[in-house]
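Please work through the following exercises with the sequence and the model at hand. Each task is followed by a solution in steps.

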Amino acid sequence: MSAWWREDVIYQIYPRSFADSDGDGLGDLPGATSRLGYLRDLGVDAVWLSPFYTSPQADAGYDVADYRNVDPRFGTLADFDALMARASELGLRVIVDLVPNHCSDEHAWFQAALAAGPGSPERSRFYFRDGQGPDGSLPPNNWMSVFGGPAWTRVVGPDGPEQWYLHLFDSKQPDWDWTYPDVRTEFESVLRFWLDKGVAGFRVDVAHGLVKKAGLPDHPGEQHTLAGVSAEPDDAAEPLPTNHSPYWDQDGVHEIYRSWRAVLDTYSAPQRILCAEAWVTPPERMAHYLRPDEMHQAFAFDFLECHWDAVQLREAITADTAAMAQIGASCTWVLSNHDVVRHASRLGLDQGLPRPHGITADDPQPDHILGLRRARSATMAMLALPGAAYLYQGEELGLPEHTSLPAEVRQDPAFHRTGGVETGRDGCRVPLPWAADAPACGFSPTGASWLPQPEHWAEYAVDAQLGVAGSTLELYRQLLRLRRAHRLGAGSLEWDDSYAVESVLAWRNGDLHVLVNLGAEPVSVPAGHRVAASSAPLTADGRVPLDTAVWSVAD
Ligand code: BGC
């Protein structure tokens, strides 16, 4: 059976911002279905759909109230089936999001737990605990929510304040207690529900969070509760292993993934997969998730987190590749997603500063031209690495972050839980521009858009780039064609040390040579090579200038 997950390019559809068919300003499944042909023509192999399940949308759908249904805002189960049918016609695999760390406080089981009261079996499915202090008015421990504030909220029942419940994210996202057998059985049934519908696998949300250290001890030392999910410092010289925290990367998670793998392996054609969203360091710990009887993919976030620095990038690529090779797994690369500042903007910021988790009009602004130039090079690096790669919707258009969203339109719970101290992730979630001259740039038929699109969005529209030589969209289409023709995802990486390692990344992957110049001095492609793709024009004498990437092959 083909190991497609080792080399596929998978496109992340963030449904609320991809395409809106009914004009309410929120994207939906029929909208996504109508645009699948565009993705086939782009040249991707598969799509990953962020959550579209029944949800009050307290965290844009990562707060699931019913794991087996579609939220009416996004459509119906029949719309999902239609999407699957169209994807299959086009030869695209479909991966869906699974959110097993927490549900919505509107999930029937959480509502039942609230009603059943302390000590009930219903409460055992979650982390309900008595508070500390004589009247229980202090949280059970010192854990902080990733979105800011305490990770505990006190229940107020008919007789007044009573127990507290744990939520590593928003208070509307209670954590499941995975030590309770019901929770395990329930999720295995959820897996089967979507597998039976033909999904090729699951991107597993917060895969490193499901198991908490027994006894729920206090977190030792400082907790970094920045918006986003790493909750770890960006710039620590020697970051502590993630499992120093009592709620991340506990060894017990692996038993859960082994049981899921057993479920997945009863399906075939295609092989169904699990992809871990696990912000775990060091890479050797990350590799545990990819042991032969566990998951298939795990995002290499340390690559995404690199500054635009040849040494850092090479170290991250080397460390990930080595850690995965040890256990016979492959790497899964990504540069942008719905939780991080888009790489076309991130790389246009001062690279000496820590990576921000969002940008407001009052923050230092990215240099858009520089950012896009580097982003195109970074993408060329990523797509030439062996392993799978995930693209985030809109990066193929070179979309920047929205850096001036007003506070009143922001929806990220991290923004609201921190009183705006954390900007949050809305800036990378702005609806896509499809048509330069249409209302909301073609996102919705009425011009409605749940977040306002920035000025100049029209210049990034699909129809403004399609067929235009040199556009970012045409670059992505070319790269994906070449990647497929050369089977780069299934290839291997051999560093070419004939260039200055402090400023140039160079390697061979099969017959393709990759050069990414991060230094001021232009460099030459190997003698006898012809340029197959380049992220920017070369110098007059055919050399590769600053912040430019080139793929070349022997003539
Ligand atoms: C998702 C985020 C979400 C968080 C809580 C993350 O890993 O990607 O968007 O806010 O999990 O579910």
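The exercises below concern a predicted model and treat its ligand site, a helix pair and selected loop residues.

**Exercise 1. The ligand site**

Determine which residues come nearest to the ligand, and describe the make-up of the shell around the ligand.

Solution.
1. Around the ligand there are 15 residues, of which D59, H102, D205, E277 and D339 come nearest.
2. Sorted by class, the shell holds seven charged, five nonpolar and three polar residues.

**Exercise 2. Polar contacts and cover**

Find the distances from ligand oxygen atoms to polar side-chain atoms of D205, H338 and R425, and then state what share of the ligand's accessible area the protein covers.

Solution.
1. The cut-off for a polar contact is a pair of N or O atoms within 3.5 Å.
2. In D205, a polar side-chain atom lies 2.8 Å from an oxygen atom of the ligand.
3. For H338, the distance from a polar side-chain atom to a ligand oxygen atom is 2.8 Å.
4. In R425, a side-chain N or O atom is 3.0 Å from an oxygen atom of the ligand.
5. On its own the ligand has 310 Å² of accessible area, and the protein covers 100% of that area.

**Exercise 3. A helix pair**

Classify the arrangement of helices α12 and α15 from the angle at which their axes cross, and give the handedness of the crossing.

Solution.
1. Helix α12 spans residues 368-383 and helix α15 spans residues 472-485; their axes come within 11 Å and cross at roughly 10°.
2. Angles under 35 degrees count as roughly parallel.
3. Therefore α12 is roughly parallel to α15.
4. The crossing of these two helices, α12 and α15, is right-handed.

**Exercise 4. Backbone geometry in loops**

Describe the peptide bonds that lead into P270 and P282 and the phi angle of Q57, and locate each residue.

Solution.
1. From A269 to P270 the peptide bond is cis, with omega near 0°. P270 sits in the loop between α7 (253-264) and β10 (273-276).
2. The bond from T281 to P282 is cis, with omega near -5°. The loop between β10 and α8 (283-287) contains P282.
3. Q57, a residue other than glycine, has a positive phi near 65°. Its place is in the loop between β3 (53-54) and β4 (66-70).

Notes. Residues numbered from 1 in each chain as written. Predicted model: local features only at pLDDT ≥ 70, side-chain atom pairs only at ≥ 80, totals over all residues. Heavy atoms only, no water. Near = heavy atom within 4 Å. Polar contact = N/O pair within 3.5 Å; in protein donor to acceptor, adjacent residues only side chain to side chain. Areas by Shrake-Rupley, 256 points an atom, 1.4 Å probe, with all protein chains shown as cover. Nonpolar A, V, L, I, M, F, W, Y, C, P; charged D, E, K, R; others polar. Axes fitted to C-alpha atoms, helices over the stretch in contact; angles between N-to-C directions. Helix = DSSP H or I, 4+ residues; strand = E, 2+ residues; numbered from the N terminus. Parallel < 35°, antiparallel > 145°, perpendicular 65-115°, else oblique. Left-handed = near helix turned anticlockwise from the far one by under 90°.
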